[in-house]
Amino acid sequence: MELTSLSVAGLQQKLRAKEVSPADTVRALEARIAQVDPQIHGYLSRDFDAALKLAESADVSLPLGGVPIAIKDVINVTGEPCTAASKILLGYRSNYDATVIRKLRAAGAIPFGRTNLDEFAMGSSTENSAFGRTNNPWDTSRVPGGSSGGSAAVVASHEAFASLGSDTGGSIRQPAALCGCVGLKPTYGRVSRFGLIAFASSLDQIGPFTKTVRDAGLLLNVISGRDPQDSTSLDEPVPDYTAQLGRDLKGVRLGLPREYFIEGVDPQVDSAVRAAIKHYESLGAEIVDVSLPNTEHAVGVYYIIATAEASANLARFDGVRYGHRAPDPTGLLDQYGRTREEGFGPEVKRRIILGTYVLSSGYYDAYYLRAQKVRTLIRDDFTKAFEKCDAIVCPTSPEPAFKAGDRSDDPLKMYLADIFTIAANLAGICGISVPCGFANVDGRQLPIGLQILGKPFGEAQLLQIADAYEQSTDWHNAQPTLA
Ligand code: GLN
């Protein structure tokens with residue numbers, strides 16, 4: 001087996017047995033990236049020499065000792081660019097580590113490579129990157145999903161052992177589904193957001209992309225926990241997220257939300273997810289019907305709250321402090337205006353305008369306040385559903401990867417790609433996507449993701465449920481063929 005095909009756990013065994021060194025690992029990745037990234041464009045930048053230097057002093061006995069991890073280009077790493085895939089941040093270099101990076105380093109991991117995304121994490125296809133799109137490793141004419149498309153694609157194409165992404169409305173789970181890897185969105189407050197460029201602060205959460213569920217647990221072990229620098233991170237104990245793996249599913253109740261099995265879901269996705277549910281029954285899980293009646297409002301509520309928060313968060317990009325600054329301004333307002341005009345792409349502008357509108361006087365009550373109330377109803381739906389079940393299973397995305405260019409002119413159609421993922425962010429609960437089959441489209445095999453949603457701070461059980469499926473099926477072993 002190629003070194004780059006190993007899981008994090010598999011790599012650790014070899015590192016600890018001294019069969020390979022961390023430096024070999026970084027070199028192997030660099031070779032793989034040079035070979036396949038021209039087709040994928042998962043990376044925006046990487047610093048091979050810096051990674052090699054870290055590798056030389058890496059302590060492999062630490063929890064992630066010597067393991068390189070790719071980082072979505074929206075998380076600050078000291079000395080590296082952090083562009084958010086936006087022209088407005090060209091030239092900016094971070095002068096501090098995000099808390100997740102500090103924790104990765106303390107666990108011996110090597111941050112290596114910055115992955116592509118939709119500009120400021122706004123999108124579902126990675127086509128909104130100002131620096132070119134990322135291609136799906138299973139069919140390079142298709143999108144990898146988004147916004148963390150680069151982080152998903154580099155794991156699926158074995159250009160990374162694991163990566164970090166961020167999930168505001170599905171940006172970890174949906175690209176994981178479309179690329180055929182594991183993507184975990186932790187509970188809101190589980191992982192510090194300090195050092196993550198904020199999109200919508202009440203929804204954003206950092207999480208891992210991995211080849212296996214166990215690996216997701218290994219990364220979550222390291223990045224979780226209360227951080228005084230993020231007042232929304234909670235002081236909940238951090239268990240060993242791998243401790244429950246391998247336990248059987250007797251007595252575990254899985255809820256099927258009737259609102260998620262609807263017309264409009266691709267028939268091949270529908271049948272793969274139904275087969276996965278049958279499989280769970282054969283593993284001893286009990287399947288119960290649940291209802292999330294406010295699901296139909298989730299997309300509308302999300303695009304009000306997320307854009308409102310984004311319009312405030314993105315106000316700081318004005319050419320004074322970071323990145324791009326319009327040349328020869330006639331005054332301060334001219335500088336602000338032209339910097340933003342030149343620096344932001346069309347989707348980001350659309351969101352800022354929408355968000356400013358829903359917060360403006362006269363519209364605030366009708367849109368923003370109302371959306372907040374419906375958000376509470378959506379959260380209550382989950383609280384009620386979790387009285388009847390331990391986790392909820394459904395599709396991650398209503399369809400497999402779509403063709404690049406197919407949705408770029410129709411923002412509404414693009415927003416509907418998030419229909420099954422955004423409610424979890426509004427409710428603050430955790431969720432994971434695991435590979436559960438393939439759709440055959442135009443003679444190509446395209447991955448399908450099963451989404452499992454868990455109770456707040458229920459990641460240990462969520463991972464147990466996901467691992468039981470993964471370990472008794474073969475989907476996670478399939479690999480795209482890349483020349
Ligand atoms: N696709 C959604 C959006 O465009 C979600 C993005 C995300 O989770 N960052 O807002």
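Biologist: Which residues does serine 171 touch, not counting residues up to four places away in sequence?

Modeller: Keep in mind that this is a predicted model. Serine 171 sits in the loop between E4 and helix H6 (173-179). Leaving out residues up to four places away in sequence, its contacts are Lys72, Ala121, Gly123, Gly146, Ser147, Ser148, Ser166 and Phe209.

Biologist: Is serine 171 buried or exposed?

Modeller: The cut-off for buried is under 20% relative accessible area. Serine 171 comes in at 6%, so this residue counts as buried.

Biologist: Which residues does UniProt list for "active site"?

Modeller: The listing comes from an unreviewed entry, and its annotations may be inferred rather than shown by experiment. Serine 171 belongs to the set, and the lining of the largest cavity takes it in. The UniProt listing reads Lys72, Ser147 and Ser171.

Biologist: How many Å apart can the C-alpha atoms of those residues be, and why do they gather at one spot?

Modeller: Along the sequence the set spans 100 residues. In space, though, the C-alpha atoms stay together, so the residues gather at one spot: no two are more than 11.0 Å apart.

Biologist: And lysine 72: what does it touch, not counting residues up to four places away in sequence?

Modeller: Lysine 72 has its place in strand E2. Its relative accessible area is 0%, so lysine 72 is buried. With residues up to four places away in sequence set aside, it touches Arg114, Thr115, Leu117, Ala121, Ser147, Ser148, Ser151, Leu164, Gly165, Ser166 and Ser171.

Biologist: Glycine 165 turns up in that list; which residue in E6 does it stand opposite?

Modeller: Start with the strands: E4 (residues 162-166) and E6 run antiparallel and are joined by five bridges. E6 covers residues 206-210, and five of its five residues are buried. The E6 residue opposite glycine 165 is glycine 207.

Biologist: What is the bridge partner of valine 182 in E6?

Modeller: Strand E5 (residues 182-185) also pairs with E6, through two bridges, and these strands run antiparallel. For valine 182, the partner in E6 is threonine 210.

Biologist: What covers the buried residues of H1?

Modeller: Helix H1 takes in residues 8-16, and its buried residues are Val8, Gly10, Leu11, Gln12 and Leu15. Just after the helix, lysine 18 takes a positive phi of about 60°. The cover over those buried H1 residues includes helix H2 (22-40), strand E2 (68-72), E4 and helix H7 (213-223).

Biologist: Which helix gives the most to the largest nonpolar core?

Modeller: That core has 145 residues, and Phe120, Phe382 and Ile452 touch the most other members. The helix giving the most, with ten residues, is H9 (residues 298-313).

Biologist: Which domains does this core lie between?

Modeller: Two domains both give residues to the core, so it lies between them. They are domain 1 (8-248 + 466-477) and domain 2 (295-376).

Biologist: What is isoleucine 452 in contact with, leaving aside its neighbours within four places in sequence?

Modeller: Isoleucine 452 is one of the core residues that touch the most other members. With those sequence neighbours left aside, its contacts are Tyr280, Ala391, Ile392, Val393, Cys430, Gly431, Ile432, Val434, Leu462, Ile465 and Ala466.

Biologist: Over residues 25-463, how far apart are the end C-alpha atoms?

Modeller: UniProt lists that stretch as "domain: Amidase", in an unreviewed entry. The chain there is 36% helix and 15% strand. Its end C-alpha atoms are apart by 27 Å.

Technical notes. Residues are numbered from 1 along each chain as its sequence is written. This is a predicted model: local features need pLDDT of at least 70, side-chain atom pairs count only at pLDDT 80 or more; totals for chains, interfaces and linings use all residues. Side-chain values use heavy atoms; hydrogens and water are left out. Buried means under 20% relative accessible area, exposed over 50%, partly exposed in between (1.4 Å probe, protein chains only). Helices (H or I, at least four residues) and strands (E, at least two) are DSSP runs, numbered from the N terminus. Two strands pair if DSSP finds at least two bridges between them. A nonpolar core is a set of buried Ala, Val, Leu, Ile, Met, Phe, Trp, Tyr and Cys residues joined through side-chain atoms within 4.5 Å. Domain bounds come from an automatic or database domain assignment. Contact means heavy atoms within 4.5 Å. On a 1 Å grid over the protein atoms alone, a cavity is a set of points where a 1.4 Å probe fits but cannot get out, and a pocket is an open set with protein on both sides within 12 Å along at least five of seven lines; lining residues have an atom within 4 Å of a point.
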